[in-house]
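Here is a friendly walk through one protein chain, best read with the structure open beside the text. Rotate the view as you go and look up the residues as they are named.

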Amino acid sequence: MEGVELELERRSKFLNSLIQQKKKAKKQHDLIGEFNVRVRASDMPLVMQNRAFGLSRELLNATPGKADNKRLALALKKDFDSVYGPAWHCIVGTSFGSYVTHSIGGFIYFQIDKVYVLLFKTAVEPL
């Protein structure tokens, strides 16, 4: 009988984890709609993604008309450097190619309005 109770508890935990994942995905989808963002590729936790989306939206709203890509890239880079540690890189524009190596959990490529943003972190090794 003890084995049955353990199995029921294991299944209950599994189902609860699925429910939590579904709630997180719905919340993320709602934020993406709110910010008018389309994620192209990502290897980044949702919290960090939301920070990038929010800051990008804030800066784009502050400069109506034509986006200031250089300013947006600098702001994202500096913010992520200060919050998540050094060696963040940011490329912003409407047409660019790239092939980068990044640290695990430190990569996102997204579109916000008509601007594309590539934000990634590289490892810093002491000399």
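Let us begin in the loop between α3 and β2, where Ala87 has its place. In this predicted model, the phi of Ala87 is near 80°, a positive value in a residue other than glycine. Is Ala87 buried or exposed? With a relative accessibility of 14%, Ala87 counts as buried, because the cut-off for that class is under 20%.

A second residue with a positive phi is Asp113, at about 55°, and Asp113 is not a glycine either. Its place is the loop between β3 and β4. Asp113 is partly exposed, at a relative accessible area of 34%.

Asp113 also leads us to a residue of helix α2, Arg57. Leaving aside residues up to four places away in sequence, Arg57 touches Asp113 together with Phe35, Asn36 and Ile112. Arg57 is buried, and its relative accessible area is 13%.

**The fold**

Stepping back, the protein chain has 3 helices and 4 strands. Along the sequence they follow the pattern α-β-α-α-β-β-β. In what order do the strands stand in the sheet? The 4 strands form an open sheet in the order β1-β3-β4-β2, with antiparallel pairing. β1 (37-43) and β2 stand at the edges with a single partner strand each, so each has one side without a neighbour in the sheet. On average, neighbouring strands are turned by 10° against each other, with direction ignored.

The pairing of β1 with β3 is antiparallel and is made by 6 bridges. For a place to look, take Ser42, whose bridge partner in β3 is Ile108. Helix α2 packs on the sheet, where it touches β1, β2, β3 and β4, and its direction makes about 35° with that of β3. Helix α3 lies across β2 and β4, and runs at about 160° to β2.

Of the contacts between residues at least 6 apart in sequence, 56% join residues at least 24 apart.

**The nonpolar core**

Which parts of the chain supply the largest nonpolar core? This core has 23 residues, and those with the most contacts inside it are Leu72, Leu76, Phe80, Phe110, Val117 and Leu119. At least two residues each come from α2 (46-62), α3 (69-84), β2 (88-93), β3 (107-112) and β4 (115-121). The element that gives the most is α2, with 6 residues.

Phe80 deserves a closer look. At 0% relative accessibility, Phe80 counts as buried. Not counting residues up to four places away in sequence, Phe80 touches Met44, Met48, Arg51, Ala52, Gly85, Trp88 and Leu119. Its contact Leu119 is, like Phe80, among the core residues with the most contacts.

**Aromatic pairs**

The whole structure holds 6 aromatic pairs. Two of them are set out here.

| Pair | Arrangement | Centre to centre | Angle between planes |
|---|---|---|---|
| Phe80 and Tyr84 | tilted | 5.2 Å | 45° |
| Phe96 and Tyr109 | edge-to-face | 6.2 Å | 75° |

Phe80 and Tyr84 are 4 residues apart in helix α3, which means that about one helical turn separates them. While Phe80 is buried, Tyr84 is partly exposed at 24% relative accessibility. Why is the Phe80 and Tyr84 pair classed as tilted? The planes are 45° apart, and the pair is called tilted because that angle is neither under 30 degrees, as for stacked rings, nor over 60, as for edge-to-face rings. Phe80 and Tyr84 also belong to one aromatic cluster with Trp88.

The other pair in the table spans two parts of the chain. Phe96 lies in the loop between β2 and β3, and Tyr109 in strand β3, so this pair ties together parts that are 13 residues apart in sequence. Phe96 is partly exposed, with a relative accessible area of 27%. Tyr109 is partly exposed too, with 24%.

**The surface**

How much of the chain counts as buried? Of its 127 residues, 33% do. The protein chain exposes about 8800 Å², and carbon and sulfur atoms supply 58% of that area.

Key:
Residues are numbered from 1 along each chain as its sequence is written. This is a predicted model: local features need pLDDT of at least 70, side-chain atom pairs count only at pLDDT 80 or more; totals for chains, interfaces and linings use all residues. Side-chain values use heavy atoms; hydrogens and water are left out. A nonpolar core is a set of buried Ala, Val, Leu, Ile, Met, Phe, Trp, Tyr and Cys residues joined through side-chain atoms within 4.5 Å. Buried means under 20% relative accessible area, exposed over 50%, partly exposed in between (1.4 Å probe, protein chains only). Contact means heavy atoms within 4.5 Å. Two strands pair if DSSP finds at least two bridges between them. Axes are lines fitted to C-alpha atoms, for helices over the stretch in contact, and angles run from 0 to 180 degrees between N-to-C directions. Accessible areas come from the Shrake-Rupley method with a 1.4 Å probe; for residues, only the protein chains shown count as cover. Rings of Phe, Tyr and Trp (its six-membered ring) pair if their centres lie within 6.5 Å; planes under 30 degrees apart count as stacked, over 60 as edge-to-face and the rest as tilted.
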